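Here is a protein chain to look through with a fresh eye. Take a moment with the picture, and then we'll go through it piece by piece.

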Amino acid sequence: MTGTGRGLAGVVLLGGLVALGGCGSGDDAEAGAPTVTVQVGDQTVDVDPTQYCLNGDGQRYDTTPPILEAPPDSPITLTVSDAVAAAGWAVQVFDDKLKERIGEVEVDPDTTAFDGVNTSDVAPSAFYLVVVQDSDADACNGLAGAWPVGFIRAGGGTPTGTSP
């Protein structure tokens, strides 16, 4: 199911919301950690997780998040696997160093594609979005599945963060 959830503009001002965690299950767990597809403008990339709950074991991955440059006011579409959508997920917004969370937007249940983010919604011109799957406290000690991707709005600076 495709949905737009809630827009990001008002959420960024709120900041400091509680983080969501995540764990994989079902087909994703048997096949390995899923990727998240990110599209902005004519660019499409698959993002690998930095951490994920795989077959009941918490996994951390040495992954460098991709960084995409896009013009202002460009829609961003994030697409997750059916298993991630079934568990629930959110989009967290971080600064250009991937250190300070400046906002979060929840995605409607069972949504596989979210297009409620725009490159101009975030105040800094360089920022990260992190797809975070809802956690299962009984699996992997509640380890969060996380897929970070950096963005540079044309004319802005470069994200300089490291993986969460």
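Let's start with confidence. This is a predicted model, and its protein chain averages a pLDDT of 80, with 75% of the residues scoring at least 70. The scores vary from element to element: helix α1 (residues 9–14) has the lowest mean pLDDT, at 32, while strand β2 (residues 36–40) has the highest, at 98. Over residues 1–30 the pLDDT is below 50, although this stretch still has 95 contacts in the model beyond near neighbours in sequence.

Now for the overall layout. The secondary structure of the protein chain comes to three helices and twelve strands. Of the 164 residues in the chain, 48% are buried. And if you take the contacts between residues at least 6 apart in sequence, 75% of them join residues at least 24 apart.

Next up is the disulfide. How many disulfides does the structure hold? Just one, and it joins C53 to C140, with an S to S distance of 1.9 Å. C53 sits in strand β4, while C140 is in the loop between β11 (126–133) and β12 (146–153), so the pair ties together parts that are 87 residues apart in sequence. The torsion about the S-S bond is about 75°, so this disulfide is right-handed.

Are the two cysteines buried or exposed? C53 has a relative accessibility of 1%, so it counts as buried. C140 is buried too, with a relative accessible area of 11%.

Right beside C53 in the numbering comes L54, which is also in strand β4 (residues 51–54). L54 has a relative accessible area of 17%, and because the cut-off for buried is under 20%, it counts as buried. The C-alpha atom of L54 is 6.6 Å from that of A33, and these two residues are 21 apart along the chain.

On to charges. Side chains of opposite charge can pair when their charged atoms come close. In this model the count comes to two salt bridges, and here they are:

| Salt bridge | Closest N to O distance |
|---|---|
| K97 and D96 | 3.9 Å |
| E104 and R101 | 3.7 Å |

How do the partners sit? K97 has a relative accessibility of 42%, so it counts as partly exposed. D96 is partly exposed as well, with a relative accessible area of 23%. E104, on the other hand, is at 5% relative accessibility and counts as buried.

Finally, have a look at R153, which is found in strand β12. Which side chain of opposite charge is nearest to the buried R153? That would be D121, but it is 8.1 Å away, and R153 has no salt bridge. What the side chain of R153 does reach is backbone oxygen: that of T119 at 2.5 Å, and that of A123 at 3.2 Å.

R153 has other company too. Leaving aside neighbours within four places in sequence, its contacts include A70, P71 and P72, along with S120, V122, P124, S125 and F127. T119 and A123, the two residues whose backbone oxygens the side chain reaches, are on that contact list as well.

Definitions and conventions: Residues are numbered from 1 along each chain as its sequence is written. Side-chain values use heavy atoms; hydrogens and water are left out. Helices (H or I, at least four residues) and strands (E, at least two) are DSSP runs, numbered from the N terminus. Buried means under 20% relative accessible area, exposed over 50%, partly exposed in between (1.4 Å probe, protein chains only). A disulfide is a pair of cysteine sulfur atoms within 2.5 Å. pLDDT is the predictor's confidence in each residue, from 0 to 100. Contact means heavy atoms within 4.5 Å. Lys and Arg count as positive and Asp and Glu as negative; His and the chain ends are not counted. A salt bridge is a side-chain nitrogen of Lys or Arg within 4 Å of a carboxyl oxygen of Asp or Glu. A polar contact is a pair of N or O atoms within 3.5 Å; within protein, one must be able to donate a hydrogen and the other to accept it, and residues adjacent in sequence count only if both atoms are side-chain atoms.
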